[in-house]
Every structure is written in C-alpha cells, then in structure tokens.
Amino acid sequence: MKMAEGQWLALVLCITSVYHVTCLNNGLALTPPMGWLSWERYRCITDCETYPDDCISEKLYMEMADLLVSEGYKDVGYQYINIDDCWMSKERDGRGSLVADPERFPHGIKHLADYIHSKGLKMGIYEDFGTKTCGGYPGSKFYLQEDAETFASWGVDMLKLDGCYTNAADYEYGYPIMEFFLNRTGRPMLFSCSWPAYISNPDYVKIAKYCNIWRNYADIGDSWDSVRGIIDFYGKDKGNFSKVAGPGQFNDPDMLIIGDYGLSYEQQRTQMALWSMMAAPLFMSSNLRKMPGKSKALLQNKRAIAINQDPFGIQGTRIDMIGKNIQVWTKQISPKGKSFAFTFLNTDEGGSPTKISYLLKKLGAIAPAGYNVTEVFSGAFVGMFKPQDSLNVSVDPTGVFFGMAKFLG
Ligand code: GLA
C-alpha cells in the first residue's frame with residue numbers, strides 16, 4: 001500500500017537512526033561481482049516486433065543466460081544476468097505491486113529468475129529510488145518495503161537502485177532504508193547504488209556501509225572518449241573513493257563495452273586491463289550471440305580476471321605520469337604488499353607506439369629478492385627484475401602494457 005509523504009519521512013528518520021548501528025552485512029560481493037547487464041547495449045528497446053532479438057524481454061535475458069553458460073563465461077566467474085530499466089508495465093497493479101510488462105515478459109519475473117537459477121546463475125533487477133525510473137517507469141519512492149518484498153518473492157539476487165526523479169537531499173536516507181528493507185526480507189540481494197553519481201562530494205565511507213557497489217560517474221557509452229573519461233576520473237582520485245574499496249564494497253565505473261561497436265581492439269584491451277586494475281564490477285553489456293573471438297578471449301582472460309578478483313579487493317590507483325600521455329597504475333595483489341599488477345596506459349591518440357623505460361622500484365617493487373614479471377593478457381614471461389632494474393616496454397596509442405610482478409621471496 002502506498003504511504004503518504006509524511007508517513008514516509010517519519011519512517012526515514014526512524015529507520016536511519018536505528019539502522020546506523022547495524023549496516024550492510026549480506027556477505028555478498030566479497031570480490032567484484034561479474035555478469036551481464038542489458039543497459040549499454042540494449043537500452044530501452046521495447047518494440048519487440050521490429051527488434052525481436054534486441055528488445056527488453058524474457059527472451060533476451062534467457063538467451064544471454066544460455067550463452068553465459070554455453071560460451072564459457074560462467075566457468076571463468078561471470079554469474080549475474082541483470083535486467084536494467086524498461087522491464088515494467090507503466091503502472092503498478094491494483095494492490096500497488098510492480099508488474100513486468102506482460103507482452104515482453106509473458107511468464108513474469110519469477111519464472112525468469114527460476115530459469116536463470118536453473119542454469120546455476122543469479123538474477124539482478126533494476127529499480128529507481130525516486131518516483132520514476134530514469135526511463136519513466138514506476139519508481140520505488142513510497143513503495144520501498146513493498147518492492148523489496150516483491151523482489152525477494154521473485155527470487156531476485158541483486159538490485160540496482162537508480163536515482164532519477166527525486167531530491168538530492170533524500171538519497172542519504174532513502175538508500176539506507178532500502179538496504180534495511182532488503183535485509184529484512186531475509187534474502188541476500190547484492191545492493192548496487194547510484195547514490196554518489198547524483199550528488200557532489202559523496203560521503204563514500206557512509207555509502208559503503210549500505211551498498212555493495214556504487215556508481216559514481218557518468219553512464220558509459222560505446223566510445224573510447226567515454227572509457228577514457230571514466231579512467232581519468234578514477235585516475236585523478238587521491239584516495240577519496242579508491243581507498244574505500246574492499247571486500248563487500250566496490251566502486252563501479254560502469255559496464256564493459258568490449259565486443260560492441262565503439263572500441264578498437266587496443267582500446268578493448270585497455271578497458272579490460274583498467275577495469276581489472278580498478279577492482280571494478282565486471283558486467284558485460286554486449287551481444288553474447290555475436291561476440292568477436294578476440295573480444296571474448298579478453299573478457300575470459302583468466303589472469304586479468306584473477307587480478308580483478310584478488311581476495312584483498314584493493315582498488316588500483318594511478319601513481320605516476322610519464323610525460324603527458326603515459327599513465328602508470330598499480331594494484332597490490334596477494335600476497336599483500338608483495339606482488340602487484342601494473343599498467344602503462346598510453347593515452348596518445350595518434351602516432352606510433354611509445355617506448356618506456358621504468359624502474360621497478362618506482363612501481364613499488366622494493367623487495368631485494370626481486371620479482372618475476374609477466375605480461376597479463378598473453379601470460380608471456382618478461383623477465384626477473386630487481387628493484388633497481390628497468391623495465392622496457394612499448395605501448396600502442398590508446399593501448400596498455402598490462403603486467404604482473406610476482407614477489408620472489
Ligand atoms: C541511468 C543509469 C544507467 C541506466 C539508465 C536506465 O542513466 O545510470 O546505468 O540504468 O539510467 O534508464
């Protein structure tokens with residue numbers, strides 16, 4: 001039943017004051033979640049007559065679930081099939097419950113969740129904290145408890161709660177309340193918040209108490225400019241949000257667009273490398289029916305995924321620049337403080353590959369016993385290096401050298 005605004009505000013104050021002492025503890029996202037999410041590639045296509053393969057429908061999610069398994073994505077860790085916006089009917093039903101669009105989801109969401117679970121996968125869904133979703137479908141404002149219970153009854157495993165159509169001041173109350181209601185259902189649901197993306201100067205420590213993952217920058221589009229913008233935003237962070245990341249709580253730079261239209265192969269390598277370095281959730285948003293072989297190999301690269309999924313959950317950071325075009329990133333991996341991944345990113349958009357010579361100790365490699373360095377994508381052994389040795393590599397325009405230095409102690 002819909003609550004009046006006054007009742008809702010009273011509930012806000014009550015729950016947040018009680019709830020501050022408890023916080024998120026659903027045991028989920030101990031490493032960055034991995035899966036497939038429809039938004040970047042399939043947006044809000046609702047015309048299934050014209051676009052039978054691309055429209056937001058149970059057919060799309062079932063097929064992607066099938067392909068996650070049959071094409072080997074599940075075997076390397078991709079697990080969630082996530083519905084994004086535009087899955088609903090334009091109105092709630094007579095009792096105020098959300099309903100899926102009956103034409104596009106003729107069997108309902110529970111049936112879809114059951115199907116996805118039968119494949120050994122998990123299902124995510126999308127809602128919005130405001131009065132409407134960004135695409136104009138019914139939002140959860142005044143219905144948070146109801147919607148949390150509906151999602152639990154359908155067998156939802158993850159909720160992306162967007163932040164359109166509400167007041168900036170409401171986020172810091174609304175998201176914790178939704179987290180409270182999700183917890184109260186007893187069904188563990190990974191909570192993806194868009195809260196920091198909608199406000200200036202987010203309190204990330206507070207956000208991490210309530211959310212497993214959170215978006216904090218503009219939506220990704222299918223272009224290098226978009227990917228580059230996100231990398232720069234994360235690169236400029238001086239420990240504000242990057243240091244908050246850890247098991248159960250990760251920054252979300254948005255979906256992987258590898259295998260779509262906008263990135264060259266070099267740029268796809270760059271996205272995979274940087275998303276691995278940033279301990280980012282790995283949600284592919286692409287057509288798994290027609291994934292180019294080289295893109296699929298990147299998405300399934302076990303060494304890159306192992307860096308992303310490292311159990312310490314440390315977010316890599318940009319530690320240096322060489323000239324104005326080469327960014328140097330490092331990420332500590334287990335064993336903590338000893339081994340690390342590193343990336344040289346060449347943001348030059350023209351010309352030939354740039355040659356780099358960089359002292360190992362400047363990457364943080366200070367153990368006198370030395371390190372074995374491998375190139376991550378190929379697994380090729382580069383050599384054994386001591387801290388005072390220089391590593392010489394060549395990096396293509398808009399490409400990366402993605403390395404791993406394993407402590408030899
Ligand atoms: C916002 C989000 C996107 C997507 C759309 C759906 O823009 O940031 O990721 O969910 O809404 O309308």
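Colleague: Why are H5 and H6 called oblique to each other?

Modeller: The axes of H5 (residues 144-154) and H6 (residues 171-184) cross at roughly 40 degrees. Roughly parallel needs under 35 degrees, roughly antiparallel over 145, roughly perpendicular 65 to 115, and the rest is oblique. H5 and H6 are therefore oblique. Their axes, lines fitted to C-alpha atoms over the stretch in contact, with angles from 0 to 180 degrees between N-to-C directions, come within 9 Å. The crossing of H5 and H6 is right-handed: the near helix is turned clockwise from the far one by less than a right angle. This is a predicted model, where local features need pLDDT of at least 70, side-chain atom pairs need 80 or more, and totals for chains, interfaces and linings use all residues. Numbering starts from 1 along each chain as its sequence is written, and side-chain values use heavy atoms, without hydrogens or water.

Colleague: What makes H8 roughly parallel to H9?

Modeller: H8 (residues 224-236) and H9 (residues 265-277) pack at about 25 degrees, with axes 11 Å apart. That angle makes H8 roughly parallel to H9. Their crossing is left-handed.

Colleague: Which residues are around the ligand?

Modeller: Trp39, Asp84, Asp85, Tyr126, Cys134, Gly135, Lys160, Asp162, Arg215 and Asp219. Each has a heavy atom within 4 Å of the ligand. By class, three are nonpolar, one is polar and six are charged. Asp, Lys and Arg count as charged, Trp, Tyr and Cys as nonpolar, and Gly as polar.

Colleague: How do you know that aspartate 84 makes a polar contact with the ligand?

Modeller: A polar contact is a pair of N or O atoms within 3.5 Å. A polar side-chain atom of aspartate 84 lies 2.6 Å from a ligand oxygen. For aspartate 85 the distance to a ligand oxygen is 2.7 Å, and for aspartate 162 it is 2.8 Å. Alone, the ligand exposes 310 Å² (Shrake-Rupley, 1.4 Å probe), and the protein buries 90% of that.

Colleague: What is notable about the phi of alanine 29?

Modeller: Phi of alanine 29 is near 55 degrees, a positive value in a residue other than glycine. Most such residues have a negative phi. Alanine 29 lies in the loop between H1 (5-19) and E1 (34-37).

Colleague: Which kind of peptide bond joins serine 334 and proline 335, cis or trans?

Modeller: A cis bond, with omega about -5 degrees. Most peptide bonds are trans. Proline 335 sits in the loop between E10 (326-333) and E11 (339-346).

Key. Polar contact = N/O pair within 3.5 Å; in protein donor to acceptor, adjacent residues only side chain to side chain. Helix = DSSP H or I, 4+ residues; strand = E, 2+ residues; numbered from the N terminus.
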